[in-house]
Amino acid sequence: MEYLFSTIGVSIGILFLLTLFLLSRYKRCPSNKVLVIYGNVGKGRSARCVHGGGAFILPVIQDWQFLNLNPIPIEIDLRGALSKQNIRINTPSTFTVAISTKPEIMLNAAERLLSLDESEIKTQALDIIIGQLRLVIATLTIEEINQDREQFLSLINKHVATELNKIGLELINVNIKDITDESGYLEAIGKKAAAEAINVARVEVAQQERSGAIGETKALREKEVEVASELAAADEGRKEADSKKRIAIAELEAQAIEGENISKARVVEYNATLAEKSAEARRRSEVAEATAKREILENQKATEQARLEKDEIIHKEVQKRKQEIDAEAEAERVRRIAKGEADAALLKYNAEAEGLQKLLEAKANGYKEILNACEGDTNAAAILLLIEKLESLVAKQTEAIANLKIDKITVWEGGGEQNGNATTNFVRNFINTLPPMHELAQQVGIELPQFLGNINPQDLQKALEVSTKANGRKRKQTESSEKAETIEE
């Protein structure tokens, strides 16, 4: 059992140690370094470079080293380099190089720079840079080197970078500090250029001054024009702004007035509405009060009417009863009066009948006496009766003549007749149609003309006697009648 535990512990220990060993063989590559694995890395390959990440290094058959990627500045004080014009120039400069991370260049670095320190790498790069820099200068003139620095740097990068790549380096930066020559060519060129530049500068200055003067004048003119224009525009703008301001103020005032008017109108409307509502409320109150008063009055009226009707009914009933009583009394009175009048009329008519009978009897007796007085002569009796009525007849005849209205009587006169003309005969006949006109006219005081006829005196005397007798009998009969009536009363 102990053996088993020992075996297991040893196995675990070996496994732990093996794990630690394997873990120790995994190498992580920092970002500023290149992991170079060499040994058995593949057929035909001298090394395997890893930049970033990590790699497992096989024990025994493989090993590893780091290449530092830090930039390496190299100061180069190149002097006496021949240019294309065989003029020696000095070009102090600074080159910055570093190990490249490109796979093919990085492999060159692993093959040629592995295990070299920075100074050794700088020495190898210095030789390559000086040689390539002399080569580039030899292909260019001083003017090209001095004037076209970009081309000069481009050629340096082209040639120097190519050669540095071969040992695993790449050119990061080139800084040409200065370019000088020992013969003073560059100085002369500089002076010439300076003089030319000065002249050109002077010309340009003059031109510029002229242009400046012209431009100043133009600028002043344009300035004045623009200023005037701007002033006019400003004035116009100020006036426009003022106009807009006035319009805006007027519009605002109009809006304010409109708002005030609207507000006033609303106030008036509200007041009118309030007045209407107040009037309506007052009207309703008055109507209600009037209605209440009317109801009160109607109630009072109904009460008073009922009372009056009651009084009136009572009064009417009393009046009715009174009227009935009065009517009954009046009817009784009228009935009694009528009965009395009827009795009186009956008595009167009886008395009149008796009186009339007596009158007729008296007249009959009178007529008998007249006839006896005329001794049976009825003509004389008739004449006496006529004479008795003569006064009334004459009155009637006179009244008839007096009221007779004859506007016009037309008589056609033929002439030549024996008993007078036509007009005379007409008048005579007209008179003859009347009663004895002389007698009648004399009794009433009228004297008629003689052509109307004459009266016989004897006949007249006889008629007067008969009339006197008749009047005496008549008077007696009248006195008898009055006595009879007195007796009856």
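Q: How many salt bridges does the rule give?
A: The count comes to 17 salt bridges, a salt bridge being a side-chain nitrogen of Lys or Arg within 4 Å of a carboxyl oxygen of Asp or Glu. The model is a predicted one, in which local features need pLDDT of at least 70, side-chain atom pairs count only at pLDDT 80 or more, and totals for chains, interfaces and linings use all residues. Residues are numbered from 1 along each chain as its sequence is written, and side-chain values use heavy atoms, with hydrogens and water left out.

Q: Why is the contact of Lys 177 and Glu 75 called a salt bridge?
A: The N to O distance is 2.8 Å, and because the limit is 4 Å, the pair qualifies.

Q: What makes Lys 177 and Glu 75 a tie between parts apart in sequence?
A: Lys 177 lies in the loop between β8 (169-176) and β9 (180-181), whereas Glu 75 belongs to strand β6 (residues 72-82), so the pair ties together parts that are 102 residues apart in sequence; strands (E, at least two residues) and helices (H or I, at least four) are DSSP runs, numbered from the N terminus.

Q: Why is Lys 293 called partly exposed?
A: Its relative accessibility is 46%, and because buried means under 20% relative accessible area and exposed over 50%, with partly exposed in between (1.4 Å probe, protein chains only), Lys 293 counts as partly exposed.

Q: How do you know that Glu 330 and Arg 333 form a salt bridge?
A: Their side chains meet at 2.1 Å, N to O, and the two residues, three apart in helix α6, are separated by about one helical turn.
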